[in-house]
Amino acid sequence: MIDETYLGTVCRHLTDEDLSAGFWQAHARRWARRTARLGTGRFLDAPVIELYIAAEAAGLPPSDGTPDDVVVHENILAAVLAAHAVLATVGRGHRPGAPGIGEAIGAIPPDVLRAESLKLTTKQVAWSNRTAFTRILAHLHHVEQDVDLRTVAALACGVQGHRTMLRTNPTGHGPEVGLWSPTYEFNRTACLARWRVERETT
């Protein structure tokens, strides 16, 4: 089990305020297209110096973890910053209480995000495949609503190849008590949102 203190810190920040726009968004959009190298534990290829400069500029609290926690913390930072930057390109952003990342992606019209592509994304998320986040971030170019980035932070709360169970849930979405899985919650909400969209269009 990972130390979930930093996830709580980031989610509390995102509950109270949005990220500050700025130069860092161009860097974060570049990370969104680059998968990290195998074996690093990271999902996105975000250079560490760029990552911390961007986090400071955006107003996100810095990692305060031990060396054992730092990869998880940097995954959280990179995912939240990259998602925010991608959403900004389509006039969307972060809003507490907005749909979570899975619901927002599942609600993309089927003629834009085809069933086969969504299925591949959910499969990669389920196995914490290192390419999962670049796929998710690419899908964000097509969302039609704001996204609650607290759910992105939770989904990033892991490392390559390790499905994570969390003891706390500071996202405002999903189960409030007991162990829960952000990857399961992503897939559950994505599939449910897609089912609703298909039902409405048939």
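These notebook entries record what I looked up in a predicted model.

**Entry 1. Salt bridges**

I began with the charged pairs and found 7 salt bridges in the structure. I then examined three of them individually.

The side chains of Arg42 and Glu74 meet in a salt bridge, with N to O at 2.3 Å. This pair connects distant parts of the chain, 32 residues apart: Arg42 sits in the loop between α2 (24-31) and α3 (48-58), and Glu74 in helix α4 (residues 70-89). I noted Glu74 as buried because its relative accessible area is 6%, under the 20% limit.

Arg167 and Glu4 form another salt bridge through their side chains, at 3.8 Å from N to O. Here the partners are 163 residues apart, with Arg167 in the loop between α8 (150-155) and α9 and Glu4 in the segment before α1 (5-16). I checked the exposure of each partner. Glu4 has a relative accessible area of 7% and is therefore buried, whereas Arg167, at 44% relative accessibility, counts as partly exposed.

For Arg150 and Asp148, I recorded a salt bridge whose closest N and O atoms are 2.7 Å apart. Both Arg150 and Asp148 are buried.

**Entry 2. The aromatic pair**

I searched for paired rings and obtained a count of 1 aromatic pair. The rings belong to Phe43 and Phe133; their centres are 5.3 Å apart and their planes stand at 45°, so I entered the pair as tilted. The pair ties together parts 90 residues apart in sequence, because Phe43 lies in the loop between α2 and α3 while Phe133 lies in helix α7. I also looked up the accessibility of both rings' residues: Phe43 is buried, with a relative accessible area of 5%, and Phe133 counts as buried at 5% relative accessibility.

**Entry 3. Internal cavities**

How many cavities of 30 Å³ or more does a search of the whole structure find? The search returned 2 cavities.

The largest cavity holds about 110 Å³ of space. Of its 16 lining residues, Phe43, Val125, Ser128, Leu155 and Thr183 are the closest to the centre. I noted that Phe43, a member of the tilted pair, appears in that group. Helices α7, α8 and α9 each supply at least two residues of the lining, and α7 gives the most, with 3 residues. By residue class, the lining of the largest cavity divides into 9 nonpolar, 6 polar and 1 charged.

The second largest cavity holds about 30 Å³. Its lining consists of Arg42, Leu44, Ala46, Leu51, Glu74, Asn75 and Ala78. I therefore found both partners of the Arg42 and Glu74 salt bridge in this lining, which divides into 4 nonpolar, 1 polar and 2 charged residues. The largest share of the lining, 3 residues, comes from α4.

**Entry 4. Backbone at Ser128**

I next examined Ser128, one of the residues closest to the centre of the largest cavity. Ser128 is placed in the loop between α6 (115-126) and α7 (132-139). Its phi is near 50°, a positive value in a residue other than glycine. For comparison, most residues other than glycine have a negative phi. At 7% relative accessibility, Ser128 counts as buried.

**Entry 5. The largest pocket**

I turned from the cavities to the open spaces. The largest pocket contains about 170 Å³ of space. Among its 16 lining residues, those closest to the centre are Gly100, Thr151, His173, Glu185 and Thr189.

Which helix supplies the largest share of the lining of the largest pocket? I found that α9 does, with 5 residues. Helices α5 (101-106), α8 and α9 each supply at least two residues. The lining of the pocket divides into 6 nonpolar, 7 polar and 3 charged residues.

**Entry 6. Two single residues**

I looked up Asn187 in helix α9 (residues 182-200). Leaving aside residues up to four places away in sequence, Asn187 touches Thr122, Val125 and Ala126. Of these contacts, Val125 is also one of the residues closest to the centre of the largest cavity. Is Asn187 buried or exposed? At 14% relative accessibility, Asn187 counts as buried.

I ended with His27, which lies in helix α2. His27 is partly exposed, its relative accessible area being 27%. Between His27 and Ala54, the C-alpha to C-alpha distance is 8.0 Å, and the two residues are 27 residues apart in sequence.

How values were computed: Residues numbered from 1 in each chain as written. Predicted model: local features only at pLDDT ≥ 70, side-chain atom pairs only at ≥ 80, totals over all residues. Heavy atoms only, no water. Helix = DSSP H or I, 4+ residues; strand = E, 2+ residues; numbered from the N terminus. Buried < 20%, exposed > 50% of the residue type's maximum accessible area, 1.4 Å probe, protein only. Contact = heavy atoms within 4.5 Å. Salt bridge = Lys/Arg side-chain N within 4 Å of Asp/Glu carboxyl O. 1 Å grid on protein atoms, 1.4 Å probe; cavity = no way out; pocket = protein on both sides within 12 Å on 5 of 7 lines; lining within 4 Å. Points joined across faces, edges and corners; volume = space filled by probe spheres on them. Nonpolar A, V, L, I, M, F, W, Y, C, P; charged D, E, K, R; others polar. Phe/Tyr/Trp six-rings, centres within 6.5 Å; stacked < 30°, edge-to-face > 60°.
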